[in-house]
Amino acid sequence: MVLKNATILVIDDDVDVLTALRLLLKPLVKEVVTEKNPSNIASQIERTSYDIIILDMNFNGLVNTGNEGIFWLNKIRKQKPETSVILMTAYADIDLAIRGLKEGASDFLMKPWKNEKIVETITTILSQKKSQNTQKKQFNSNTVAIIGDSDVMTDVFTKLKKVAPTDANVLILGENGTGKDLIARALHDNSNRKNQPFVKVDVGALTESLFESELFGYKKGAFTDAREDRKGRFEAAHGGTLFLDEIGNISLAQQARLLTVLQNRHVTPLGSNTSIPIDIRLVCATNIDPQILADEKKFRKDLIYRINTVDIIAPPLRDRGTDITELAHHFVTLYAEKYNKSPFSFDSGFISKLKNHDFPGNVRELQYVLERAVIMTDGSVLKPEDLVFSSIERPSSATSITTKSLNLDDLEKNAILNVLEKNKGNVSKSAKELGITRAALYRRLEKYEL
């Protein structure tokens, strides 16, 4: 039953109403929290993620708007748009209740209410949310779901739905830690090849000498340590999916050998003259800037065309908005179970501190930060001080430009951008560090339109 795992917050200034709803719902759901003062809503929903909030429409004029329920509904929707809100209203407030539905409320209940109607309404909303979440998180990598309902992740899911059932080759782009391997696994798990092998290879870590033997296999005696025949990764993935990770890091010579295999759909093991047909779905991933991949001196265009029928961009965590809250609850629950700890709630500043961090390591960094917090925390409430972030900084966009150009103007522009960023825009400090006057720095800022 969907009710048993639900957490519900009831907000009403009438103690009798709070008591009645708590007694009704407590045996049915996981947790019921009551709150008399709507001014505490922000702190309540910051530290705990509620499935449903039951919100009264009037609070004795605490908010001087004439329609307090709408005011607090908008506050909730802005802070936690994923939370469902049920408005409670007297008969005289029907117009306001209808307006509340237009503003984003899930439903409204009349006072006095019928208990069975409340239970029915809550059950319907929870069932709909479960269905929507299943739809959003239907792409899994073994036991870990790809979590998120931000706009950028919705775009990823839309592409996955369209591409996964096909045999199209896919190139996954994104920074380290964004979950490119999960997307690759999701493509396989939702394809017609899902019951066949999924083989992952970190090709960027293969040396020139290992590249062919690992990918294409070898026969006994092909080289000194070849004591028996061994299948390569292409042959091992026959009928299924081959995932080549960090493909942007392989050499031009390796690219040529890979291209030949992809064109011919045959591999020839080392030490053999017999080619073996292969039937694979190819998925590749890289954290290399697409502009670098477009440079023929570093990556063959004909190989790009082969591996990139469709591209999927794994967005960085900093662009995923409210996903960070959902991910935080997921990982904390996961590690609480792993380390046999009681369920955690969040202090009001805990999520705020997470949201204010840039996360250069993306979801992987968030995962490790939360695992450490769960391990090191003695109580059942996670606080801002429980979060310890790495000192690693994300390279700025200016830094990445230097890898694309050695033009002197570009180098000077990048140096200015880096120093200004380091000194948080302080022109005097930046000019001193660059060894020029303030006036000279201003001229350069004007020159480069910074």
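Visitor: Hi! In what sense do S9 and S12 pair, and over how many bridges?
Guide: Hello! This is a predicted model, and in it S9 and S12 run parallel, joined over five bridges. One of the pairings puts Lys-200 opposite Phe-243 in S12.

Visitor: And which residue in S15 is the bridge partner of Phe-243?
Guide: That would be Val-283. S12 and S15 are also paired in the parallel sense, over four bridges.

Visitor: Nice. What's the strand order in the open sheet?
Guide: Five strands make up the sheet, in the order S9-S12-S15-S8-S16, with parallel pairing. Strand S9 (198-202) and strand S16 (310-313) are the edges, each pairing on one side only. From one strand to the next, the twist averages 20°.

Visitor: Back to S12 for a second: are its residues buried or exposed?
Guide: Buried: that holds for five of the five residues in 241-245, so strand S12 is largely enclosed by the rest of the structure.

Visitor: Which residues sit on each side of S12?
Guide: Thr-241, Phe-243 and Asp-245 lie on one side, with Leu-242 and Leu-244 on the other, and both faces are covered. In a regular strand, side chains alternate between the two sheet faces.

Visitor: Switching ends now. How many bridges link S8 and S16?
Guide: Four, again in the parallel sense, with strand S8 spanning residues 170-173. Among the pairings, Leu-173 has Ile-313 in S16 as its bridge partner.

Visitor: Which strands does helix H6 touch?
Guide: Helix H6 (residues 151-163) packs on the sheet and touches S8, strand S15 (281-286) and S16. The direction of H6 makes about 150° with that of S16.

Key:
Residues numbered from 1 in each chain as written. Predicted model: local features only at pLDDT ≥ 70, side-chain atom pairs only at ≥ 80, totals over all residues. Heavy atoms only, no water. Pairing = 2+ DSSP bridges. Helix = DSSP H or I, 4+ residues; strand = E, 2+ residues; numbered from the N terminus. Axes fitted to C-alpha atoms, helices over the stretch in contact; angles between N-to-C directions. Contact = heavy atoms within 4.5 Å. Buried < 20%, exposed > 50% of the residue type's maximum accessible area, 1.4 Å probe, protein only.
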